[in-house]
Amino acid sequence: MRKRSWGFVAVGLLVALVLAGVVSNYASSHPDGLDSSLLKGCTVNADDEITGGSCPARQARDHELADSPLADYGIRGVDNGFLSTGLSGVVGVLLTFAVGGGLFWLLRRRGPADSGTPGQRPGGAADRQPAPGTVG
């Protein structure tokens, strides 16, 4: 990869880390569209717990990975909410970058196999060399 490409990737990673580590803490804590549509027909208290009524959200169960280290937009064991959310965002960005970078590395284009014929391109087209004494 060229130096210019590395700089672009580094700046993109830095921006993603700042957004995930800091800005994510200022995202809305109100339910999204799916959550709010599932709560239609129920009454909820200030902690968004269902206190009455009938709605699809009453049948919700915890996901089987609900006790994983990065569940609920935080890191288990970190008591500071701001720090927990920021760290989980940073860990998520780094894991995504590592997996994506690894896949790109595995699938990258490699040079043509050494066929023993100098000046030969993949597909059989030969490199054209300018004639001696010409600019080209």
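**Architecture and contacts of the predicted model**

Leu39 has a relative accessibility of 18% and therefore counts as buried, the limit being under 20%. The model described here is a predicted one. Leu39 sits in the loop that runs between helix H2 (33-38) and strand E1 (42-44). Leaving aside residues up to four places away in sequence, Leu39 is in contact with Val44, Ile50, Cys55 and Ala57. The C-alpha atoms of Leu39 and Ser54 lie 8.5 Å apart in space, although 15 residues separate the two in sequence.

The overall arrangement of the protein chain is considered next. Its secondary structure consists of three helices and two strands, and these follow one another along the sequence in the pattern α-α-β-β-α. The protein chain has 136 residues, of which 11% count as buried. Where contacts in the protein chain join residues at least 6 apart in sequence, 27% of them link residues at least 24 apart.

The two strands, E1 and E2, pair in the antiparallel sense, with three bridges between them. Together E1 and E2 make a hairpin in which five residues lie between the strands. Within the turn, Asp48 adopts a positive phi of about 60 degrees. In the pairing of the strands, Cys42 stands opposite Gly53 of E2.

Cys42 also takes part in a covalent link. One disulfide is found when the whole structure is searched, and it is formed by Cys42 and Cys55, whose sulfur atoms are 2.0 Å apart. The link of Cys42 and Cys55 is left-handed, with -95 degrees about the S-S bond. Because Cys42 belongs to strand E1 and Cys55 to the loop between strand E2 (50-53) and helix H3 (81-107), the disulfide ties together parts that are 13 residues apart in sequence. Cys42 and Cys55 are both buried. Cys55 is, in addition, among the residues touched by the buried Leu39.

Helix H3 contains 27 residues, which at 1.5 Å a residue should span 39 Å. The C-alpha atoms at the two ends of H3 are 39 Å apart, so the span in the model agrees with the expected one. The N-terminal end of H3 is capped by Asn80, a side-chain oxygen of which lies 3.0 Å from the backbone nitrogen of Phe82. Buried positions in H3 include Ser84, Gly86, Ser88, Gly89 and Val93. Helix H1 is included in what covers the buried residues of H3.

Phe82 is further involved in an aromatic interaction. The structure holds one aromatic pair, made by Tyr26 and Phe82 in an edge-to-face arrangement, with 6.1 Å from centre to centre and 70 degrees between the planes. Tyr26 is located in the loop between helix H1 (3-21) and H2, whereas Phe82 is located in H3, so the pair ties together parts that are 56 residues apart in sequence. The two partners fall into separate classes of accessibility: Tyr26 is exposed, because its relative accessible area of 63% is over 50%, while Phe82, with a relative accessible area of 42%, is partly exposed.

Technical notes
Residues are numbered from 1 along each chain as its sequence is written. This is a predicted model: local features need pLDDT of at least 70, side-chain atom pairs count only at pLDDT 80 or more; totals for chains, interfaces and linings use all residues. Side-chain values use heavy atoms; hydrogens and water are left out. Helices (H or I, at least four residues) and strands (E, at least two) are DSSP runs, numbered from the N terminus. Buried means under 20% relative accessible area, exposed over 50%, partly exposed in between (1.4 Å probe, protein chains only). Contact means heavy atoms within 4.5 Å. A disulfide is a pair of cysteine sulfur atoms within 2.5 Å. Rings of Phe, Tyr and Trp (its six-membered ring) pair if their centres lie within 6.5 Å; planes under 30 degrees apart count as stacked, over 60 as edge-to-face and the rest as tilted. Two strands pair if DSSP finds at least two bridges between them. The expected span of a helix is 1.5 Å times one less than its number of residues. A polar contact is a pair of N or O atoms within 3.5 Å; within protein, one must be able to donate a hydrogen and the other to accept it, and residues adjacent in sequence count only if both atoms are side-chain atoms.
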